[in-house]
Every structure is written in C-alpha cells, then in structure tokens.
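The exercises below are meant to be worked with the sequence and the coordinates side by side. Try each task before reading its solution.

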Amino acid sequence: MPQHSARRLIFLFGAVLVADQVTKFIALSTLAIGVPVPVIGDWLRWTLTYNPGGAFGLRLGTSLYYLLSSFLIFAILIFYVWHHRNIGHIAIPLTIVSGGAAGNILDRLRFGEVVDFIDCEFPDISIGSYQMDRWPIFNIADMAVSCGIIATILFMMIHSYRERHRPDSQPLPQPPVPDPSSVPTPDQPSAPPPESGSCRTQNVDLLAVLPGTRVARASCP
C-alpha cells in the first residue's frame with residue numbers, strides 16, 4: 001500500500017478510537033449510572049451502564065473470557081487489514097471495526113466491563129419466549145463494529161457483482177464450427193479432370209512484335 005494510504009487507515013483507526021473514548025469520558029463525567037436522560041423524548045436517551053458481557057448484553061463467559069477473546073479477534077482483524085491493505089473496500093471498513101474493537105478492549109482493561117450509554121427505542125421484538133421492547137444500550141465502538149461489518153459485506157457483494165459483469169470477464173467468442181455436410185469425405189467422388197484439349201495453347205506468332213520470338217505450345221499433362 002502507498003504510504004499515504006497507510007496513513008489514512010491509521011488516521012481512520014485513531015479517529016474511531018478517540019471518538020469512542022471521548023464520548024465515554026463525557027458519559028462517565030456527566031451521567032449517573034442507570035438514570036436515563038431524555039435527548040429526543042424516549043426515542044433517544046443517555047443511560048450510563050456497564051456491560052460485563054458481549055454484544056446485546058449476552059453473557060457467555062467471565063469477564064476474562066471476553067477480554068481474551070476480544071484480544072484474539074482484534075489480532076485477527078489487524079492481520080486481515082494488513083494482508084488486504086491494497087484492497088480498499090476490505091481494508092477501510094475492517095479498520096473501522098478494529099477501531100471499535102480497540103475501544104471496548106480499553107474499557108475491559110480499565111474497568112473489567114464495557115461502558116455503554118446510548119439508549120434507543122426500537123419496535124418490540126417477540127420471538128418465542130424472547131422479548132425485547134427496547135434496543136440494548138450501546139456505545140460508539142459498538143456502532144463502529146456493526147457498521148463496519150455491514151459495510152464489509154455490502155462492499156464485497158458489490159465488488160463481486162462488478163467483477164462478474166466486467167466486459168473483459170465475458171467468455172471469448174468461439175470460432176464457427178464448419179458444417180459437416182460441406183466437408184468432402186473419402187466416399188464422395190472427386191471432381192473430374194479437365195478435358196485434355198481445354199487448356200492447350202496455340203502457337204502465337206509474335207514476329208510482328210518481337211522478330212525472331214515465338215511462344216511454345218503448351219498442353220496439360
């Protein structure tokens with residue numbers, strides 16, 4: 001990757017990380033835990049909370065488990081971004097995902113939990129015994145991870161579609177296949193030889209043109 005492009009990826013990573021950490025610092029400084037502050041009515045509120053589990057409040061293990069798994073995922077992301085650094089539609093959205101992952105890792109290192117504060121209303125979801133009347137509280141890092149993954153999938157689908165429909169990706173035209181009926185076979189008789197007298201030439205007297213010169217008589221074999 002050119003040096004200026006690498007700097008852009010580093011800048012993008014840093015911008016996501018700084019935005020996440022600054023907004024969390026403001027939330028920790030101004031909000032009380034569990035006390036919602038309306039921003040746009042009940043549709044958007046600031047509600048400070050700590051999430052010891054994973055996305056959407058899932059608890060599949062201890063805080064140490066989530067910390068170690070976050071480090072592993074982050075390392076894979078960095079490797080993948082570096083390996084595809086020359087492919088913008090992969091490197092850019094995965095850099096955004098990496099910045100969000102780094103922000104939540106810093107929270108786990110500092111607090112053992114992730115700081116969340118964005119509280120949004122969402123249409124009620126009911127799947128069997130599962131009920132959700134409000135979207136789980138999240139943060140800027142979660143937004144970066146979700147949007148980056150969605151963008152990666154969309155960009156790869158668009159790129160794949162364009163590759164399949166490029167003019168130079170179309171199959172080359174095949175040469176025409178000769179008609180078998182026009183090709184002579186050994187069973188077909190060959191054309192008859194020309195008559196013996198048809199190609200004979202008569203003596204041409206060129207004495208009037210070139211004295212002393214005559215054209216010899218020629219005949220077919």
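## Exercise 1: Salt bridges

Task: starting from the fact that a search of the whole structure finds 6 salt bridges, work out which parts of the chain the pair Asp-107 and Lys-24 links.

Solution. The model is a predicted one, in which local features need pLDDT of at least 70 and side-chain atom pairs count only at pLDDT 80 or more, whereas totals for chains, interfaces and linings use all residues. Residues are numbered from 1 along each chain as its sequence is written, and side-chain values use heavy atoms, with hydrogens and water left out.

Step 1. A salt bridge is counted when a side-chain nitrogen of Lys or Arg lies within 4 Å of a carboxyl oxygen of Asp or Glu. Asp-107 and Lys-24 meet this criterion, their closest N and O atoms being 2.4 Å apart.

Step 2. This pair links distant parts of the chain, since Asp-107 is in helix α3 and Lys-24 in helix α1, 83 residues apart; helices (H or I, at least four residues) and strands (E, at least two) are DSSP runs, numbered from the N terminus.

Step 3. Both Asp-107 and Lys-24 are buried, where buried means under 20% relative accessible area, exposed over 50%, and partly exposed in between, with a 1.4 Å probe and protein chains only.

## Exercise 2: A network of charges

Task: find which residues are joined into one network by salt bridges that share partners.

Solution. Step 1. Asp-119 and Arg-45 form a salt bridge through their side chains, at 3.0 Å from N to O. Asp-119 is in strand β3 (residues 114-120) and Arg-45 in strand β2, so that, at 74 residues apart, the pair links distant parts of the chain. Both Asp-119 and Arg-45 are buried.

Step 2. A further salt bridge joins Glu-121 to Arg-134, with the closest N and O atoms 2.8 Å apart. Because Glu-121 lies in the loop between β3 and β4 (125-127) and Arg-134 in the loop between β5 (130-132) and α4, the pair ties together parts that are 13 residues apart in sequence. Glu-121 counts as partly exposed because its relative accessibility is 31%, whereas Arg-134, at 16%, counts as buried.

Step 3. Salt bridges that share partners join Asp-42, Arg-45, Asp-119, Glu-121 and Arg-134 into one network.

## Exercise 3: The surroundings of Thr-47

Task: decide whether Thr-47 is buried or exposed, and say which side chain it meets in a polar contact.

Solution. Step 1. Thr-47 lies in strand β2 (residues 44-51), and it counts as buried because its relative accessible area is 7%.

Step 2. The side chains of Thr-47 and Asp-119 are joined by a polar contact of 3.1 Å. Such a contact is a pair of N or O atoms within 3.5 Å; within protein, one must be able to donate a hydrogen and the other to accept it, and residues adjacent in sequence count only if both atoms are side-chain atoms.

Step 3. Leaving aside neighbours within four places in sequence, Thr-47 is in contact (heavy atoms within 4.5 Å) with Gly-34, Val-35, Pro-36, Asp-116, Phe-117, Asp-119 and Ile-137.

## Exercise 4: Nonpolar cores

Task: identify which helix gives the most to the largest nonpolar core.

Solution. Step 1. A nonpolar core is a set of buried Ala, Val, Leu, Ile, Met, Phe, Trp, Tyr and Cys residues joined through side-chain atoms within 4.5 Å. The largest one has 12 residues in all, including Leu-9, Leu-17, Phe-74, Val-81, Leu-94 and Ile-105.

Step 2. At least two residues of this core come from each of α1, α2 (63-83) and α3 (88-111), and α3 gives the most, with 7 residues.

Step 3. Apart from this core lies another, of 9 residues, among them Ala-27, Leu-31, Leu-48 and Ile-118.

## Exercise 5: Gln-21 in helix α1

Task: state which residues Gln-21 contacts when its neighbours within four places in sequence are left aside.

Solution. Step 1. Gln-21 is found in helix α1 and counts as buried because its relative accessibility is 16%.

Step 2. With those neighbours left aside, Gln-21 is in contact with Gly-103, Leu-106, Asp-107 and Arg-110.

Step 3. The side chain of Gln-21 also makes a polar contact with the side chain of Asp-20, at 3.0 Å.
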